[in-house]
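Good morning, everyone, and thank you for making time for this. Please have the sequence and the picture open while I talk.

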Amino acid sequence: MITLLFDIDGTLISTGGAGKAAMQQSLLEEFGLDQVMADVEFAGRSDRGIVKDLFAQHDIENSHDNWSRFQLRYTRNLNDSLAACRGRVLAGVAELLERLQEHTSAAIGLLTGNIRQGAQIKLEHYGLYHHFSFGGFGDDHVDRNSIARQAAASARSHLDGCFSPDRVWVIGDTPNDIQCARSIGARVAAVATGEFDYDQLQTLGPDLMLHDLADTDTMMQLVE
């Protein structure tokens, strides 16, 4: 069985900045801020790590309580933010996922920095959530490599132990996706559909480098 672990933002979808906008709005509403500083890196990171940095910038205690408060507010705001922003499913994604669903030797999961509920909200908004049965998420982990280990453990459980790291592909659009794939002994397909261009990602040595996921036939070869 080949396991494919997909990143979400910049790989499957572009939300038009909906996640970032919902995070900023949630900080304003939940913690009574006048404004939110926006000089925190978002691409390829976990929601927990991003919010940890935002808390630090605004002198908010990085406690379990405050993180729980933030998550509740964020998930309430995210649907409205998705509706307000001009997002889209990225090229080739819908066709690729449909074809993979028909392939009996492929298991399709997520490896994303989104919190689990945020991932579900985003993917349901774009009609993609039903394709994914397991994964690793950014609820608890600041480090992307830890999310990769969670995704691998989730895949192993989902497949009743019929799992081998050298039969795993991570598909993502950032250097962090490449790094976290290597941390679990997986191969990686990088796509230049996010903030990093083809040449930037290519220099990091992914096993497969694509401009986007519209090259469906090449991606299907991963599970042949």
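**Two helices, then a sheet**

Helix 2 and helix 3 cross in a right-handed way, where right-handed means that the near helix is turned clockwise from the far one by less than a right angle, and left-handed means anticlockwise. This is a predicted model, in which local features need pLDDT of at least 70 and side-chain atom pairs count only at pLDDT 80 or more, while totals for chains, interfaces and linings use all residues. Residues are numbered from 1 along each chain as its sequence is written, and side-chain values use heavy atoms, with hydrogens and water left out.

Helix 2 covers residues 47-57 and helix 3 residues 64-84, and the two pack at about 115° with their axes 11 Å apart; helices here are DSSP runs of H or I with at least four residues, and strands are runs of E with at least two, numbered from the N terminus. Axes are lines fitted to C-alpha atoms, for helices over the stretch in contact, and angles run from 0 to 180 degrees between N-to-C directions. That angle makes helix 2 roughly perpendicular to helix 3, a label for 65 to 115 degrees. Asp47, Arg48, Val51 and Phe55 of helix 2 meet Asn66, Trp67, Phe70 and Tyr74 of helix 3, contact being heavy atoms within 4.5 Å.

Turning to the sheet, 6 strands form an open sheet in the order 5-4-1-6-7-8, with parallel pairing, and a pair needs at least two DSSP bridges. Strand 5 (135-136) and strand 8 (208-210) stand at the edges with a single partner strand each, so one side of each has no neighbour in the sheet.

Terms used. Angles under 35 degrees count as roughly parallel, over 145 as roughly antiparallel, 65 to 115 as roughly perpendicular and the rest as oblique.
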